Amino acid sequence: MRTVIIHTDGSCLGNPGPGGWAAVLRLDGRDYRKEISGGFRLTTNNRMEILSVIEALSILREPCVVELYTDSAYVRNSVEKRWLWAWQKRGWIKADKKPVLNADLWQRLLPLLTAHTVHLHWLKGHAGHPENERCDALARSEAARHDLPPDLGYA
């Protein structure tokens with residue numbers, strides 16, 4: 001199985017506000033690098049953080065070992081602490097009986113997490129890590145565009 005190293009980030013200019021997501025993908029041991037990004041005119045930072053992971057995993061054409069780096073505690077905790085699977089089991093209701101925010105995105109992420117062997121790594125944001133900083137710049141650039149589509153899952 002191939003190993004892919006992925007860095008992700010999401011950004012919002014205001015929260016909610018215009019938002020962007022980005023990912024940098026590299027094949028371990030090979031000279032291959034791909035940058036992807038996108039955005040929406042009105043969304044939240046957390047939605048962009050989740051979407052960056054979804055979009056990165058979605059472009060993988062075969063099952064891979066994924067070393068995924070994120071600066072989002074929300075994404076990290078939801079996966080590592082297995083909240084995501086508990087929410088699914090309860091019909092997308094949290095332990096406090098309130099609906100799970102961003103359930104539409106979490107539902108898209110679940111099958112991607114099972115299609116690949118994903119090892120999640122948390123990075124402190126804005127701490128000078130080159131790939132994290134690149135993702136941040138791409139996501140902010142997307143959020144600043146004036147031709148962004150609506151985030152139908154947020155609206």
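This passage looks at helix packing, one buried helix face, a loop aspartate and the cysteines of a predicted model.

We may begin with the helices. Two packed helices are described by the angle between their axes and the distance between the axes. For helix H1 (residues 45-58) and helix H4 (residues 103-115), the angle is about 35° and the axes lie 10 Å apart. The crossing of this pair, H1 and H4, is left-handed. On the H1 side, the contact is made by Arg47, Ile50, Leu51, Val53, Ile54, Glu55, Leu57 and Ser58. Helix H4 contributes Asp104, Leu105, Trp106, Arg108, Leu109, Leu112 and Leu113. Sorted by class, the contact of H1 with H4 comprises ten nonpolar residues, four charged residues and one polar residue.

Helix H2 (residues 73-80) offers a nice view of how a helix can turn one side inward. Its buried residues are Val75, Ser78 and Val79. Viewed down the axis of H2, these buried residues fall within an arc of 90°, so they line one face of the helix. The cover over the buried residues of H2 includes both H1 and H4, together with helix H3 (83-89) and strand E5 (117-122). After H2 comes Arg82, a residue with a positive phi, near 65°.

On the other side of H2 in sequence, the loop between strand E4 (65-70) and H2 holds Asp71. Although this residue sits in a loop, Asp71 counts as buried, with a relative accessibility of 15%. Leaving aside residues up to four places away in sequence, Asp71 touches Thr8, Asp9, Glu49, Trp122, Leu123, Lys124, Gly125 and Asn132. A further link across the sequence is seen with Ala127: this residue and Asp71 are 56 residues apart along the chain, yet their C-alpha atoms are separated by 9.9 Å.

The cysteines complete the picture. With a disulfide requiring two cysteine sulfur atoms within 2.5 Å, the count in the model comes to zero. For Cys64, the closest cysteine sulfur belongs to Cys135 and is 17 Å away, too far for a bond. For Cys135, the closest cysteine sulfur is instead that of Cys12, at 16 Å, and this distance is also too far for a bond. Both Cys64 and Cys135 are buried: the relative accessible area of Cys64 is 3%, while Cys135 has a relative accessibility of 0%.

Definitions and conventions. Residues are numbered from 1 along each chain as its sequence is written. This is a predicted model: local features need pLDDT of at least 70, side-chain atom pairs count only at pLDDT 80 or more; totals for chains, interfaces and linings use all residues. Side-chain values use heavy atoms; hydrogens and water are left out. Buried means under 20% relative accessible area, exposed over 50%, partly exposed in between (1.4 Å probe, protein chains only). Axes are lines fitted to C-alpha atoms, for helices over the stretch in contact, and angles run from 0 to 180 degrees between N-to-C directions. Helices (H or I, at least four residues) and strands (E, at least two) are DSSP runs, numbered from the N terminus. A crossing is left-handed if the near helix is turned anticlockwise from the far one by less than a right angle, and right-handed if clockwise. Contact means heavy atoms within 4.5 Å. Ala, Val, Leu, Ile, Met, Phe, Trp, Tyr, Cys and Pro count as nonpolar, Asp, Glu, Lys and Arg as charged, and the others, Gly among them, as polar. The arc is that of the directions from the helix axis to the C-beta atoms.
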